[in-house]
Amino acid sequence: MGLTSPELLLVLGVVALAVTALVLWLWPRVAKKGPLAFASRLGMLLVTQVGILAVLLVAANNEYGFYSTWKELLGQNSRKQTLQTGSGNGKRPPALTVKGQEPVGLGPKEKSGQVDRIEIRGPVTGLSMDGFAYLPPQYFQKGHEKDTFPVIVSITGQPGQSINLITKAKVPQAASKAMMAKEMRPAIVLMLRPSVVADRDTNCTDVPGGPQALAFFNQDVPIAANDAYRVDNTRGSWGAVGNSTGGYCALNMAMTNPARYGAAAGLSADLFARQDRDTGDLYAGSKQLRNESDLTWRLEHMPPPPVSLLLAASEKGEEKYYAQMKKFAGKAKAPTRIEKLVREEGGHNFVTWRDEYPVVLRWLDKELAARR
């Protein structure tokens with residue numbers, strides 16, 4: 001039974017209720033004086049509290065995605081990484097494997113699209129990641145068998161799981177609705193998490209001597225998508241969007257790889273790769289690497305990339321992100337184009353981002369279409 005499975009939460013809930021009911025039934029029988037009765041009451045209270053705490057912790061983990069497996073929780077994840085160079089016949093294995101479909105209530109795939117569960121194994125970095133891919137209805141319709149589709153890479157925050165983009169941000173639901181209403185062109189949406197290793201926040205950076213997270217998104221993800229799907233590879237035909245840490249990833253991808261990502265959006269996004277105990281040393285003491293990971297610094301000191309960027313933040317509730325957004329936008333020089341999505345009030349949460357994603361998806365489509 002998986003750590004994040006609904007069945008685990010259900011079983012723990014039933015056990016906690018049963019234990020609580022048993023304690024209530026037994027309590028009058030131990031309501032006596034003496035050390036044995038006192039120890040019995042204390043033991044029953046402890047058992048009840050442990051049961052309730054277990055339910056709350058599992059529910060919180062499912063909500064915020066702190067740990068995805070039991071091994072990750074216990075710190076037993078394997079750090080082994082294997083660079084797969086190909087099979088004996090000279091052909092490398094596919095970088096993307098479709099592991100099935102995720103039921104998200106969209107309806108028939110020919111009318112509303114389909115969400116695949118995917119696994120990416122990067123041939124460049126050797127890193128791997130599970131995620132999801134939304135395929136538009138046209139992907140399955142007669143007359144479109146040879147069509148290629150633009151790609152939008154959507155990245156959730158840290159810590160977080162890619163499933164949050166489906167259950168909380170409602171990204172495929174918003175994309176399907178917009179495409180069915182012809183408010184945006186049919187597109188493939190890849191939904192991923194920002195961290196490329198389970199036990200470290202890599203902040204979408206290429207860590208010297210460590211995980212090459214930025215290379216994974218800039219190189220491995222496009223290779224993987226091309227292995228499995230009919231994607232458009234014309235210059236700047238891909239877009240990226242993310243919330244929180246994922247927003248930094250999306251903006252960083254576009255600014256460092258404009259030939260691939262023609263437009264990107266950051267929702268409540270940091271504009272630099274912060275270092276803390278979860279990230280470890282991201283730069284090996286290099287001031288230059290640290291500077292280049294600061295997107296505002298890049299606008300001031302490096303040639304402006306030919307990309308369109310959108311930043312979203314709220315005037316009230318996200319004052320820090322709102323101030324960063326204004327400063328960043330003020331540093332832009334052509335051909336970099338920056339627009340802002342400003343809310344009067346909002347928070348650093350999925351309630352806010354769920355409202356913003358439909359607007360941002362349509363904006364990305366408009367910007368990518370203008371580059372064709």
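By class, how many nonpolar, polar and charged residues does the lining of the largest cavity have? The legends below take up this question and other local features of a predicted model.

**Figure 1. Overall view of the predicted protein chain.** The chain contains twelve helices and nine strands. Taken along the principal axes, the C-alpha atoms fill a box of roughly 80 × 50 × 50 Å. Of the 372 residues in the chain, 48% are buried.

**Figure 2. Close-up of the largest cavity and its lining.** A search of the whole structure finds one cavity of 30 Å³ or more, and the space in the largest cavity comes to about 30 Å³. Two elements, strand S8 (308–316) and helix H11 (319–330), each give two or more residues to the lining of this cavity. The largest share, three residues, is contributed by S8. The full lining consists of Gly266, Ser268, Ala269, Leu311, Ala312, Ala313, Tyr321 and Met325. In answer to the opening question, the lining has six nonpolar residues, two polar residues and no charged residues. As background, rolling a probe the size of a water molecule over the atoms shows where empty space is left.

**Figure 3. The open sheet, viewed as a whole.** Nine strands form the sheet in the order S1-S2-S3-S5-S4-S6-S7-S8-S9, with mixed pairing. Strand S1 (96–101) and S9 stand at the edges, and each has a single partner strand, so one side of each is left without a neighbour in the sheet. From one strand to the next, the twist averages 20°. In general, strands of a sheet pair through backbone hydrogen bonds, in either a parallel or an antiparallel manner.

**Figure 4. Strand S6 and its surroundings.** Strand S6 spans residues 238–243, and six of its six residues are buried, so the strand is largely enclosed by the rest of the structure. The cut-off for a buried residue is a relative accessible area under 20%. Trp238, Ala240 and Gly242 point one way from S6, whereas Gly239, Val241 and Asn243 point the other way; all are buried. This arrangement may be read against the general rule that side chains in a regular strand alternate between the two faces of the sheet.

**Figure 5. Strand S6 with its paired strands S4 and S7.** Strand S4 (residues 151–155) pairs with S6 in the parallel sense over five bridges. Within this pairing, Ile152 has Gly239 of S6 as its bridge partner. Strand S7 (residues 261–267) also runs parallel to S6, and six bridges join the two. Here Gly242 has Gly266 of S7 as its bridge partner. Between S6 and S7 the chain crosses through helix H8 (residues 245–256), and this β-α-β crossover is right-handed. Gly266 is also among the residues that line the largest cavity.

**Figure 6. Two cis peptide bonds in loops.** Gln158 and Pro159 are joined by a cis peptide bond with an omega of about -5°. Pro159 is located in the loop between S4 and helix H5 (164–167). A cis peptide bond also joins Ala334 and Pro335, with an omega of about 10°. Pro335 is located in the loop between H11 and strand S9 (337–345). For comparison, most peptide bonds are trans, and most residues other than glycine have a negative phi.

**Figure 7. Cys204 and Ser244, two residues with positive phi.** Cys204 has a phi near 55°, a positive value in a residue other than glycine. The loop that holds Cys204 lies between strand S5 (188–192) and helix H7 (213–228). With a relative accessible area of 1%, Cys204 is buried. Ser244 has a phi near 60°, likewise positive in a residue other than glycine. Ser244 is placed in the loop between S6 and H8. Its relative accessible area is 10%, so Ser244 counts as buried.

**Figure 8. Arg290 in helix H9.** Helix H9 comprises residues 287–292 and includes Arg290. The relative accessibility of Arg290 is 45%, so this residue counts as partly exposed. The C-alpha atoms of Arg290 and Ala273 are separated by 8.0 Å, and the two residues are 17 residues apart along the chain.

Terms used
Residues numbered from 1 in each chain as written. Predicted model: local features only at pLDDT ≥ 70, side-chain atom pairs only at ≥ 80, totals over all residues. Heavy atoms only, no water. 1 Å grid on protein atoms, 1.4 Å probe; cavity = no way out; pocket = protein on both sides within 12 Å on 5 of 7 lines; lining within 4 Å. Points joined across faces, edges and corners; volume = space filled by probe spheres on them. Helix = DSSP H or I, 4+ residues; strand = E, 2+ residues; numbered from the N terminus. Nonpolar A, V, L, I, M, F, W, Y, C, P; charged D, E, K, R; others polar. Buried < 20%, exposed > 50% of the residue type's maximum accessible area, 1.4 Å probe, protein only. Pairing = 2+ DSSP bridges. Right-handed = clockwise from strand over helix to strand, strands pointing away. Axes fitted to C-alpha atoms, helices over the stretch in contact; angles between N-to-C directions.
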